[in-house]
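Work through the exercises below with the sequence and the coordinates open. Each task is followed by a solution in steps.

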Amino acid sequence: MPHPLSRVLALGIFLVFFTGGCIPNNPYRPSERGKNIFYTSFDEPPKHLDPARSYSSNEYDFIAQIYEPPLQYHYLKRPYELIPLTAESVPVPVYLDKNNNVLPPDAPPDRIHRAIYEIRIKRGIMYQNHPAFAKDKDGRPLYMDLTDDDLDGIEEIKDFPFTGTRELRADDYIYQIMRLADPLNHSPILSILEKYILGLREFADALKKELEEIRKERRKRAGAAYNQLLDERRNPIVLDYRKFPLPGVEKVDDYTFRIILKTKYPQFVYWLAMPFFSPVPEEVVRFYKQGPLEERNITIDRFPVGTGPFRMETYNPNMEIVLVRNENFRGERYPEEGEPGDMEKGLLEDAGKEMPFIDRIVFKLEKEAIPRWNKFLQGYYDSSGITSDSFDQAVTLSAEGKAELTDFMKEKGIRLVTAVRPSTYYMGFNMLDDVVGGYTDEKKKLRQAISIALDYEEFIDIFNNGRGIPAMSPIPPGIFGYLKGKEGINPFVYTWDEKKKKPVRKGIEEARRLLAEAGYPGGRDRSGRPLVITFDNAWTGVDAKPIINWFIKRLKLLGIQLENRTTDYNRFQEKMLKGNFQLFSWGWNADYPDPENFFFLLVGANSKVKFMGENAANYSNPEFDRLFRLMENMDNTPERLEIIRKMIRILQEDAPWVWGYHPVSFGLFHQWVRNTKPNAMANNTMKYIRIDAKLREMKRMEWNRPNFMPLIVVLVVLVVGSIPAVISVRRRLSGSFTP
Amino acid sequence: MLAYIIRRVLYAFPIIMGVNLLTTVLFFYVNTPDDMARKILGEKNITQEAIENWKRDRGYDLPVFINTEEKGLAMITQTIFFQKSLPLLWFDFGRSDRNNIDIGREIQKRMWPSLSISLPMFIIGIMANLTFAMLIAFYRGTYLDIWGVVLCVIMMSISTLFYIIGGQYLLGKVLKLFPISGYDTGIYSIKFIILPVIIGVISTMGVGIRFYRTVFLEEINKDYIRTASAKGLSETRVLFKHALKNAMIPVLTNVVVSIPFLFYGSLIMEAFFAIPGLGSFTIDAIQAQDFAIVRSMVYLGSILYIVGLILTDISYTLVDPRIRLE
C-alpha cells in the first residue's frame, strides 16, 4: 500500500503539471487549449460600464464590443471616416430657420434655428440573451419584483436560468438619451449636450426636481432616522422619464428617431459613434434597479446588455473579464477597402467575411508591467504595449530614428504597430498671471523664449524612448487642420532646414535674445532680481523627479529659476480652478477627430478660472475666439482650413502653451494575430481581429518547455548537504548537553 | 475567562468608535467631498453642478459631525459621520464611492484568494522558521550558527520586491515551472499559489529565523535548562520539551496576533501575482479617495487587531498554566 505522502506528492505533480495542459507555467485551463480565444490584459479595473457614464478608453475596451451606437469609424480608412453601425446611413442634418423653412446645407450658422438629425436603424437587430428580456407564459417580465429568496445562488447574470431577447428599437436610443439627463447617472457629457439638444437642460432640471421630491417624501416618512444611502439601496429610485417632455428627441416610428439641435453643430455626428448614444432598453434598467440585485452588485454599471458582436460572460474586475460571442449578433462583414498599403500588409485578406472572427476575449488583470511583459513573451498574451522598462528589449531606433524590432523579437515573429495618438501633452502658462500671462509683445516673447528652451526633441528622446512627435500647435497629426512640412512649423520656435527637410529648433541664444527683449536679460528683471517661475504638476512616481530636473535644467540655460510645486492631483486641480499657478503640465485626448475638440481648450468662454471650463491656461484672444465660432460650425472645406491656419498662427505667436508633443503608441502583436491596425478613434475593434489558435498552441509549447534540472540539482544538494548535519546531530545526542 | 473576554469585547467598542472617528477626521482633513467628487467623476467636463449632484447622491452634502440646519436628533443623525458609521455596527459596510459596489460582498469575495496565499505562507513560514531557528540554536557558537546568522541578515536586507521579481524570473520565466502571475478559482488556483507561497516563505525567513533563534537562545541560557540537563535529560528532550514550551510566549505574541490579519493579504504579493485579494483593495481605495472602502477596511482592521490581541491572551493560558485571565 503506497504511503499517504506519496499520494499527496503524486496529486501535487498532477495538479501542477497537468492542469496547465502539460506546460506547467500555462496560466490557462486545459480546456482552453487550441480554442479561438483572444487573450489580453488590463491594468486597472474599470470604474463604470454604464454607457451613460463611462468616459474612459480602458472602459471602452469592454463596452464598445457590446454596445452599438448608430455609427462607427471605418476600421481601415484614414483620415477617420464615419460609417453606419446600427443606422442605415450616416445622418445628414436638415437645417431649419425660425419659420421652420428648410435651409441649404451651407446656410450661415446664424440663420440656422434647428438642426435635425434623423436616424433610421436597421431592422432585425437582436439583443443578446439576457434575463431582463425573459418573460413568463403571460408575457410579463419573469424577473421583476425579485426578493432575496428568488436570488438564492445567483451571483452573476449568467446564473439566471432563463433569458430572452428582443429586437432593437428606436425607443432604446431615445431612452438612453434621456438617461444622459438623469441626475442618478452622473453623465459626464450632459453639460456639453444640453448646449445643443433642444430641451435637454429643462428635462434634466425636471428630473432633478422629481428626484428631490421623492427624496423629500421618503425623508418625511422616515423622520430623523432617515439614511438616504441605506434607503435607496433597498428601494432604488427609478425616475419616470415619460412624465416630462424632451422636445429634442422624437420618435418617428419603431425604427426611426430624430435628434433636434438648437444650433448648427457639425461635430454632433461624432457623438453618435460614442457609447453614450448606445441603445439601452427600459426593461433592462428596470430589471437592474431592484434592491436585491443591487445588493449583489448586479447592476447595469457592471453587466452591460447590447446588440454588439460580444456579450459579457464573466465580470470579475479583480481577476478577469470575459466576453463571448453574442449568439444573436446579426453578422457584419469585414471592410472591403482600406487606405493604400493595407492590401500589402494583409489587412484585406478577410475582406467581406463575416465577423467576429474570435469566440472569446479574455481580459486578465495585470497591475504590474513586468509579469505582463513576461507573459506576453511566453505567448500567454496575444498583444502588448511597451513600457520604458521593456523598450530596449523590444525596439531599437535606426540611425534615421525609425523604430525597429530587436532581433530577439523578430525571431519570435512579433510585429510592431505604431500610430500617432490624437493627443497633446503640453505645458501651459497662466495667462491671468502678472509675470507669465498677458498679451503684450514682452509677455509673448517671454513665453516664446521658454518655448524654445524647452527642447521637446530631447525630452521625447530621453523620457519617451523617442515615442512622440514635437507639437507645433494643439492639432495632432490625423486631425483636419494639421499641416505637415514647412508650412506646418511653428515659426516662433523652429526654422526650416531645406537640406534635411525638417524643422530645426531655434538655438538657446535666440531664446536668450527674446528673454532680454521681454525685460529679463540673463533671466533677471530690471532691478536685478532673478526671474522665478513656479511649475505646478501632479507628477508622482519614480520617473517624475528626473523629468522635473530636466525642466529646471533647461530653463536654467536662460537664467530662469523654475520652482517645482508637485502636489497630488486634487490639490493640482484646485490650483487650476483658483488660478494659483504660473506654469503647469497637462494633456488632452481627442473625443473625436475634429480640430474643434482641441481649439475649444483655448477659447476664452471656456476659461477654467472664470467659467470652470477646460481652458486651463485661461487664454483669451478675441480674434481667436471669433475665428473659433466661425470654424466650429463649418464642414471640412478649404475655407475652414484657412481659418484654422490663422488660428494656429495666433496661438503660435501668443504661445499660451509650450506645445509639447503628440505621443506615438507602440503596440506588439504575436504572429498568430491578424488584422491589427491601430485606430485611435474606434473602440469596437475586437470584431476585426482573427487569430491562428493552432499556431499559438505550437509556439507556446515550443517557448515554454520546463527545465526541471536546476530544481533536481538543488534537491540533491540539500539532501547530500543534510547528511553531515544528521551525522553531527547523532554524535551530539550521544554526548552530554552543555547549555 | 469568559468574563475577561466579555470585558475585553466591551472595552473594544469605544476603541473601535474612536478609530472610526479618527478615520473620518483625518480623511476629511486631507480631502474635501469636492475633492472626492472630482477624483471619482473623472477629468473631463466636470462642472460644479455635477460635483454637487454627486455629493447629494452619496450623502456627502451633509455636514461631517453636526448638522446645524436640522433640529433635535436629526442634528446628529443627518451627518456624514452618523449616516456612514452607524451601519458599520452591524457590519453593513455600504457601497463604495468609486463604483458603487457593495463593500461587504466584495470583502467576502476577495478574502478567499488572500487567505489561499497568506494561510499556507503563514503555516509553512512558521514551521520553516522554527525548524531552522532551533537547528541554529542547536549548533549555537559553531560556524553553522555564525554563517546562519549572516545568511539571515543578508536575507533580511533584501527587499521583498527583489524576491518577487527574482522568483518570477527564475522559476516562472527561466525554468518555466510556474505561471508568472495570475489566479483561478477552485482546484485551478493551486498552480498559482505555489510560487507566491515559496517566495513569501523565503522572503520572511531571514527575519523569522533570527527572531526565533534569539528567543530560543534566551531560554537555553536560563537556569531551569541547566537544571534539566543536570538531571541527565537528553539535548533533544531539553530543547523540545522544555525550551520550546517556555519559548512559546514570545512566539505566540508574534504569531497569534497576526492570524486575523491573514484576511488582509499582502499588497505587493497580490499586485505582482495578480491575485484578486484584499491586499490591494485598501490601497486602491486610498488612491481613488474612496472613503467608504477606506473607512470599512480601517474599521475591520481595528476589529481584527482587537480579536488578535484577545486570542493572544487566551493562547497564553494554554501554554503557561501560571497565567489566568480574570
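**Exercise 1: backbone outliers**

A:Asn675 sits in the loop between strand S26 (673–674) and strand S27 (690–691) of chain A; helices (H or I, at least four residues) and strands (E, at least two) are DSSP runs, numbered from the N terminus. This is a predicted model, in which local features need pLDDT of at least 70, side-chain atom pairs count only at pLDDT 80 or more, and totals for chains, interfaces and linings use all residues. Residues are numbered from 1 along each chain as its sequence is written, chains are lettered from A and ligands numbered from 1 in the order in which they are written, and side-chain values use heavy atoms, with hydrogens and water left out.

Task: find the sign of phi at A:Asn675 and at A:Asp145, and state whether each residue is buried or exposed.

Solution.
1. Most residues other than glycine have a negative phi, and most peptide bonds are trans.
2. For A:Asn675, which is not a glycine, phi is positive at about 65 degrees.
3. A:Asn675 has a relative accessible area of 4% and is therefore buried (buried means under 20% relative accessible area, exposed over 50%, partly exposed in between; 1.4 Å probe, protein chains only).
4. A:Asp145 also has a positive phi, near 55 degrees, and is placed in the loop between strand S6 (114–120) and helix H3 (170–179) of chain A.
5. Because its relative accessibility is 67%, A:Asp145 counts as exposed.

Task: which kind of peptide bond joins A:Arg78 and A:Pro79, and which kind leads from A:Met355 to A:Pro356?

Solution.
1. Between A:Arg78 and A:Pro79 omega is about -5 degrees, and the bond is cis.
2. A:Pro79 belongs to the loop between strand S2 (71–73) and strand S3 (82–84) of chain A.
3. From A:Met355 to A:Pro356 omega is near 0 degrees, again a cis bond.
4. A:Pro356 is in the loop between strand S12 (354–355) and strand S13 (360–365) of chain A.

**Exercise 2: a helix and a sheet**

Task: how many residues of helix H10 (residues 369–377) of chain A are buried?

Solution.
1. Seven of the nine residues are buried; among them are A:Trp373, A:Phe376 and A:Leu377.
2. Just after H10(A), A:Gly379 has a positive phi of about 90 degrees.

Task: give the strand order of the open five-stranded sheet in chain A.

Solution.
1. The order is S5-S4-S6-S8-S7 (chain A), with antiparallel pairing; two strands pair if DSSP finds at least two bridges between them.
2. Strand S5 (102–103) and strand S7 (249–253) of chain A are the edge strands, each pairing on one side only.
3. Strand S4 (residues 94–96) of chain A pairs with S5(A) over two bridges, and A:Tyr95 has A:Leu103 as its bridge partner in S5(A).

**Exercise 3: the interface of chains A and B**

Task: describe the contact between chain B and chain A by residues, area and salt bridges.

Solution.
1. In contact (heavy atoms within 4.5 Å) are 78 residues of chain B and 90 residues of chain A.
2. The buried area is about 7,500 Å², and carbon and sulfur atoms give 49% of it; buried area is the accessible area (1.4 Å probe) that two parts lose on being put together, summed over both.
3. B:Lys44, B:Asn45 and B:Lys176 supply 10% of the area that chain B buries against chain A, more than any other three residues.
4. There are 11 salt bridges between the chains, a salt bridge being a side-chain nitrogen of Lys or Arg within 4 Å of a carboxyl oxygen of Asp or Glu.
5. A salt bridge links A:Arg201 and B:Glu49, with the closest N and O atoms 2.9 Å apart.
6. Helix H3 (residues 48–58) of chain B gives the largest share of the side of chain B that touches chain A, seven residues.
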